[in-house]
Amino acid sequence: MVQLGLVGLGRMGFNMRERLRAAGHEVVGYDRNPEVSDAPSLTSLASALSAPRIVWVMVPAGEPTRQTITELRELLDEGDLVIDGGNSRFSDDRIHAELLAEHGIGYLDVGVSGGVWGKDNGYGLMVGGAETDVARAMPIFDALRPEGPREEGFAHAGSVGAGHYAKMVHNGIEYGLMQAYAEGFELLDAAKVVDNVPAVIKAWQRGTVVRSWLLELLVRALEEDPDLDDLEGYVEDSGEGRWTLEEAINNAVPAPVISAALFARFASRQQDSAAMRAVAALREQFGGHAVKKVSE
């Protein structure tokens, strides 16, 4: 049994706490929402843990994570360990590690995949940091990862920053996969050759080369709403896709699929695209093609 402090009990953190407890570990959670929090403050969370302590941070990337780690640096002691399991940018990890190292506190960055289904199915984990710190936290990782061979749900990706870098690329790939499924759905729906689009997509789940968990989730969505009419075609991005493309540019690696998927998300947010108005104007100018005026 391992004792763990868990900061951030949102959709992911709350379910992680439940999975860890089900595995027999002691988890003291803190969240700004008192209805789900075990401790009233970070200070009380740190006091409730026995040394050497492990604290896992699951708060939004950027300033919330920086503030949390800065506060923990003052509350924890030499020999303690902080794990950042949020979606921090990999370049922030070295800063966090050095900040904590000044007080003799260890640091691991962990890319976590699994979403709201992780509580039951387990989480894919990509870890960056020192081997000794990884070994110390391994009972936690083993409880969180899916059942089966460790290497199929867990990877020590490298030194500090490697875990979040691996998760960044993972999410970039996810962008492309989702976009391909979405475009296939739209084509099947638009052509009017296939009478039962949801049935076709459901049949792809077994035996085909495009089967995946993402496809299963699309099938689930279509079962709830066969034409997806209840949704607006507006898609946000959480940052990892942009970071992946920045790294592709920095390393001269072609990434046309990921870039197209990201730009498609940008396009989804434009009710009236200036770019497409310009395209329409050009087609009218050079070819006399018909255009649709605003009044129409």
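Begin where the two domains meet: between domain 1 and domain 2, about 780 Å² is buried, and carbon and sulfur atoms give 61% of that area. Buried area here is the accessible area (1.4 Å probe) that two parts lose on being put together, summed over both. Select Arg89, Phe90 and Trp117, which supply 62% of the area that domain 1 buries against domain 2, more than any other three residues.

This is a predicted model, in which local features need pLDDT of at least 70 and side-chain atom pairs count only at pLDDT 80 or more, while totals for chains, interfaces and linings use all residues. Residues are numbered from 1 along each chain as its sequence is written, and side-chain values use heavy atoms, with hydrogens and water left out.

Next, colour 3–158 as domain 1 and 168–269 as domain 2; these bounds come from an automatic or database domain assignment. Their C-alpha centres lie 30 Å apart. Eight residues of domain 1 are in contact (heavy atoms within 4.5 Å) with nine residues of domain 2.

Now switch to a cartoon of the protein. Twelve helices and seven strands appear, taken as DSSP runs (helices H or I, at least four residues; strands E, at least two) and numbered from the N terminus. The C-alpha trace spans about 75 × 40 × 40 Å along its principal axes.

Finally, shade by burial. Of the 296 residues in the protein, 41% are buried, meaning under 20% relative accessible area (1.4 Å probe, protein chains only).

Technical notes:
Buried means under 20% relative accessible area, exposed over 50%, partly exposed in between (1.4 Å probe, protein chains only).
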